[in-house]
Amino acid sequence: MTNRPDTRSRGLQPPEQEVGRGGGFQPRDGRPKAVLEVRRLTTRFRTDDGVVTAVDDVSFDVLAGETLGIVGESGCGKTVTSKSIMRLLPEHIASYGEHSEVRFDGVNILRADSRQMRRIRGDKIAMIFQEPMTSLNPVFTVGWQIDEALRYHTNLSRRERRERTIEMLRLVEIPNPERRIGQYPHQLSGGMRQRVMIAMALCCEPDVLIADEPTTALDVTIQAQILDLMSSLKEKLGTAIMLITHNLGVVAQVCDRVLVMYAGRVIEQGCVREIFHAPQHPYTQALLESIPKHGARRSRTHKLPTIRGIVPSLRHLPAGCRFNDRCTYCQQRCIDEEPELIERGLPRPVRCHFPLNQALASADHAKGER
Ligand SMILES: Nc1ncnc2c1ncn2[C@@H]1O[C@H](COP(=O)(O)OP(=O)(O)OP(=O)(O)O)[C@@H](O)[C@H]1O
Ligand code: SF4
Ligand SMILES: [Mg+2]
């Protein structure tokens with residue numbers, strides 16, 4: 001535990017990176033409506049060692065036309081959150097909190113029946129995963145697999161479906177789509193397979209696309225191409241994107257707003273620009289400081305800052321604030337009392353007894369509201 005240093009220390013902005021350029025989305029002026037509302041989402045797993053709460057009282061909106069980033073270290077609950085929204089978790093071990101709701105088009109997905117889920121999943125809310133090889137079926141051609149989604153969710157004729165499949169492959173910039181529809185996943189590169197997954201996810205023009213680490217398995221050049229493609233498709237089709245990543249550089253590149261998670265909980269959320277400029281939570285600040293800066297010199301004495309310690313196990317969470325054993329600003333109150341997500345009286349919601357950068361964050365917020 002240390003004494004609290006100057007809390008007005010500024011957030012860091014990755015140099016040579018335009019922050020929060022996720023498109024023409026304007027969250028403040030004429031705030032777009034929420035297409036997906038997650039309220040008090042709690043997801044528990046029954047395990048041999050007892051029940052673990054992987055996602056704990058998480059609430060957020062996905063707004064029409066925006067790209068919302070969800071970030072946090074491995075194990076913080078990003079994938080469980082997205083699979084809960086899609087109801088893709090094994091129901092014999094996963095359960096949801098009594099007050100949890102995932103509202104889409106007037107339906108609480110967590111209580112929806114199988115007929116409602118068939119209408120929503122794939123058609124209204126689609127998902128792409130990190131490794132396309134595990135989501136594409138190796139024994140069917142890519143054309144057949146896109147056609148299957150169209151067969152299931154639309155009334156198009158066979159000829160119309162073929163035309164739509166080719167159009168989708170062209171939209172995701174796959175060259176020579178007439179030939180590619182007859183190829184199998186193993187005949188395509190990793191980047192091409194991820195493009196096919198995006199085509200498959202978007203062929204029914206969903207309102208929300210959930211992308212769980214869609215570029216992590218790709219090299220940096222292809223990663224940049226896929227992110228650009230997702231941004232341009234979002235503009236063309238108006239699909240809201242929920243982008244899950246552990247990479248804040250990716251967030252800076254494509255997202256409008258960001259939700260930071262730690263040990264199953266939301267600890268801060270807001271516009272990307274504001275969060276990068278004036279992070280209020282010490283964990284967010286530490287994450288930003290650990291982004292490699294282009295051109296920064298490293299030596300034995302000037303190492304890239306890292307966050308000390310490790311993420312706590314869900315079975316042995318520390319008393320008080322879940323981040324307290326890793327936090328530079330920890331005080332006695334942080335050990336005695338778990339902070340709530342404070343929403344009132346602060347520029348942005350944050351889960352910390354002693355939020356950082358208050359003057360800067362308030363000034364940013366006021367600027368954004370004008
Ligand atoms: N089927 C399961 N049974 C028990 N615990 C699970 C199960 N699936 C996930 N968990 C636990 O839930 C927590 C959150 O996992 P999740 O996969 O959402 O993390 P993540 O934030 O997506 O991490 P990563 O960045 O590594 O993908 C982890 O502690 C994980 O061990
Ligand atoms: S509440 Fe948690 S994050 Fe905030 S200062 Fe205390 S230990 Fe750090
Ligand atoms: Mg994950």
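For sorting the residues here, Ala, Val, Leu, Ile, Met, Phe, Trp, Tyr, Cys and Pro count as nonpolar, Asp, Glu, Lys and Arg as charged, and the others, Gly among them, as polar. On that scheme, the shell around ligand 1 has seven nonpolar, seven polar and one charged residues. Keep in mind that this is a predicted model. The protein has 370 residues, and 43% of them count as buried. Its secondary structure comes to 13 helices and eleven strands. Take contacts between residues at least 6 apart in sequence: 68% of those join residues at least 24 apart.

**Ligand 1 and helix H1**

- The shell around ligand 1 holds 15 residues, and Ala 54, Ser 74, Lys 78, Thr 79 and Val 80 come nearest.
- Strand E1 (34–47), strand E2 (50–63) and helix H1 (78–86) each chip in at least two shell residues, with H1 giving the most, at three.
- Why is H1 largely enclosed by the rest of the structure? Eight of its nine residues are buried, so there's plenty packed around it.
- The buried ones in H1 are Lys 78, Thr 79, Val 80, Thr 81, Ser 82, Lys 83, Ser 84 and Ile 85.
- Right after H1 ends, Arg 87 takes a positive phi of about 55°.
- H1 lies across E3, E7, strand E8 (208–212), strand E9 (240–244) and E10, and it runs at about 145° to E8.

**The six-stranded sheet**

- The strands under H1 belong to an open sheet of six, in the order E7-E8-E9-E3-E10-E11, with mixed pairing.
- Strand E7 (125–128) and strand E11 (265–271) sit at the edges with a single partner strand each, so one side of each is left without a neighbour in the sheet.
- On average, neighbouring strands of this sheet are turned by 15° against each other, direction ignored.
- Strand E3 (residues 67–71) pairs with strand E10 (residues 257–262) in the parallel sense over four bridges, and Val 71 stands opposite Val 260 in E10.
- E3 also pairs with E9, again parallel and over four bridges; here Gly 69 stands opposite Leu 243 in E9.
- E8 and E9 are parallel too, paired over five bridges, and Asp 212 is the residue opposite Ile 244 in E9.

**A closer look at strand E9**

- How many of the five residues of E9 are buried? The count is five of five, so to speak of E9 as mostly covered is fair.
- In a regular strand the side chains alternate between the two faces of the sheet.
- In E9, Ala 240, Met 242 and Ile 244 point one way, Ile 241 and Leu 243 point the other way, and all are buried.

**The nonpolar core**

- The largest nonpolar core runs to 88 residues, and Ala 199, Ala 201, Leu 202, Val 208 and Met 242 have the most contacts inside it.
- Helix H7 (residues 190–202) gives the most to this core, with eight residues.
- Leaving out residues up to four places away in sequence, Ala 201 touches Ala 126, Met 127, Ile 128, Pro 206 and Leu 209.

**Ligand 2**

- Which residues are around ligand 2? They are Pro 282, Cys 321, Phe 323, Asn 324, Cys 327, Tyr 329, Cys 330, Cys 334, Pro 339, Cys 352, His 353 and Phe 354.
- Sorted by class, that shell around ligand 2 has ten nonpolar, two polar and no charged residues.

Notes
Residues are numbered from 1 along each chain as its sequence is written. Chains are lettered from A and ligands numbered from 1 in the order in which they are written. This is a predicted model: local features need pLDDT of at least 70, side-chain atom pairs count only at pLDDT 80 or more; totals for chains, interfaces and linings use all residues. A residue is near a molecule or strand if its C-beta atom, placed from the backbone, lies within 6 Å of it. A residue is buried if 20 or more other C-beta atoms lie within 10 Å of its own, exposed if 12 or fewer, and partly exposed in between; C-beta atoms are placed from the backbone. A nonpolar core is a set of buried Ala, Val, Leu, Ile, Met, Phe, Trp, Tyr and Cys residues joined through C-beta atoms within 7 Å. Two residues are in contact if their C-beta atoms, placed from the backbone, lie within 7 Å. Two strands pair if DSSP finds at least two bridges between them. Axes are lines fitted to C-alpha atoms, for helices over the stretch in contact, and angles run from 0 to 180 degrees between N-to-C directions.
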